[in-house]
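Q: Please look closely at one turn in this model and explain how it is built. Then please set it beside the other parts of the chain, with each technical term explained.

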Amino acid sequence: MNETRRALFDELSSGAVSGPALAERLGVSRAAVWKQVEALRDEGFVVESTDAGYVVAEVPEFGAGAVEYGLDAGYTIEYHDTIGSTNDRGRDLAKAGERDVVVLADEQTGSRGRLRRAWTAPSGGVWLSIVFRPECPPAHAPIYTLAAAVATTRAAREAGVDASIKWPNDVLVSDDTTERGGRKLAGILTEMEGEANRVSWILVGIGVNANVDGALLPAGATSVREEAGDVERRLFVQRLLETFDDLRGDPDTILDAWRDHADTLGRRVRVELTNETIEGEAVDVEFPGALVVRTERGERVIHTGDCEHLRPVGE
Ligand code: BT5
């Protein structure tokens with residue numbers, strides 16, 4: 001977001017403000033203010049001209065401005081009604097040198113999960129990818145997947161969904177009667193590029209089944225609509241990005257936040273690795289995101305794998 005737009009949003013979101021006052025505070029001409037206000041109206045904002053000045057009476061339901069307006073985190077939003085994959089677009093932006101950009105879409109037609117599995121992303125969801133450039137070695141990148149899972153879970157809980165994290169990248173509504181221990185609400189796909197000791201960029205892709213009918217989703221999936229009714233997606237995205245930004249700014253707090261929101265710890269789990277399956281009790285998570293599993297043959301520290309929550313013994 002450019003400085004003028006950010007300043008305009010800051011002013012308008014704190015109450016009525018006159019054209020001349022805006023021009024002065026933004027350091028631009030009155031004509032330039034008028035043009036910016038017209039541009040907001042074109043984006044779907046209802047901006048009334050009252051005696052006290054400009055008043056934002058209505059914010060669009062979803063889109064770049066809808067999320068940027070009132071957002072307490074320094075991201076620029078690039079919005080698409082429909083796109084192949086927000087991660088593909090995010091990767092292009094990252095390679096072009098961008099940072100702190102969020103690609104956001106209402107619908108994706110070619111989105112993917114881990115290992116290039118297909119990801120279903122109909123209209124009404126929250127499909128986004130955050131591009132950023134942390135100063136850390138590539139080995140630390142997984143901590144940001146955990147941060148994204150915490151941010152998503154918090155936003156989902158605020159929307160009334162009883163969500164929690166399944167290691168490493170799923171947000172579920174727990175349900176011991178289902179095979180995998182819950183219904184999947186959201187998934188996260190992190191990608192990155194880096195040199196030996198420095199990350200160049202990280203891309204955290206988050207897919208949340210928000211205002212989506214369950215019938216449009218794969219078996220075993222659920223949505224905010226199914227669990228708690230529709231959510232105001234612009235507020236949901238704002239909350240998610242703000243939490244992610246806070247955690248990103250203070251990485252030492254991520255593991256504890258993850259432990260507070262996770263359902264995996266204390267459970268019996270089965271983790272599929274490339275050529276081995278591990279079963280045991282998940283006892284902790286370690287920096288930068290490894291799961292510690294107590295097995296019959298001692299503790300194992302697992303960095304990547306597909307994890308299933310098993311039913312407690314005897315049930
Ligand atoms: C994930 O992979 O869970 C990561 C999903 C990341 C999607 C986001 S959307 C924005 C961004 N742009 C992209 O192109 N991707 C990211 P994984 O753990 O591999 O789980 C994939 C599996 O979840 C699939 O094989 C299906 O079984 C299931 N699945 C597919 N679509 C789903 C959905 N909408 N909700 C719940 N489960 C789904």
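A: Strands E11 and E12 form a hairpin with three residues between them, and glycine 289 in this turn has a positive phi of about 150°. Helices (H or I, at least four residues) and strands (E, at least two residues) are DSSP runs, numbered from the N terminus. The model is a predicted one, in which local features need pLDDT of at least 70 and side-chain atom pairs count only at pLDDT 80 or more, while totals for chains, interfaces and linings use all residues. Residues are numbered from 1 along each chain as its sequence is written, and side-chain values use heavy atoms, with hydrogens and water left out.

The loop between E11 and E12 also holds proline 288. The peptide bond that leads from phenylalanine 287 to proline 288 is cis, with omega near 0°. On either side of this turn, E11 (residues 276-286) and E12 (residues 290-295) pair in the antiparallel sense over five bridges; two strands count as paired if DSSP finds at least two bridges between them. Glutamate 286 has alanine 290 of E12 as its bridge partner.

E11 also takes part in a hairpin with E10, where two residues lie between the strands. E10 (residues 268-273) runs antiparallel to E11, and six bridges join them. Here valine 269 stands opposite glycine 280 of E11. In a regular strand the side chains alternate between the two faces of the sheet.

A second cis peptide bond can be set beside the one in the turn: the bond from tryptophan 167 to proline 168, with omega near -5°. Proline 168 is placed in the loop between E6 and strand E7 (170-174). Leucine 115 offers a further case of positive phi, about 55°, although this residue is not a glycine. Leucine 115 belongs to the loop between E4 and E5.

These loops lead to an open sheet of seven strands, which has mixed pairing and the order E3-E4-E5-E9-E8-E7-E6. At its edges are E3 (76-83) and E6 (163-166), each of which pairs on one side only. The twist averages 20° from one strand to the next. Within the sheet, E8 (residues 182-194) and E9 (residues 199-208) run antiparallel and are joined by nine bridges. Leucine 189 has glycine 205 of E9 as its bridge partner.

The ligand is surrounded by 27 residues, the closest being Ser85, Arg112, Arg117, Thr120 and Lys184; a residue is near a molecule or strand if one of its heavy atoms lies within 4 Å of it. A polar contact is a pair of N or O atoms within 3.5 Å; within protein, one must be able to donate a hydrogen and the other to accept it, and residues adjacent in sequence count only if both atoms are side-chain atoms. A polar side-chain atom of arginine 117 lies 2.5 Å from an oxygen atom of the ligand. A polar backbone atom of arginine 112 is 2.8 Å from a nitrogen atom of the ligand.

Terms used:
Axes are lines fitted to C-alpha atoms, for helices over the stretch in contact, and angles run from 0 to 180 degrees between N-to-C directions.
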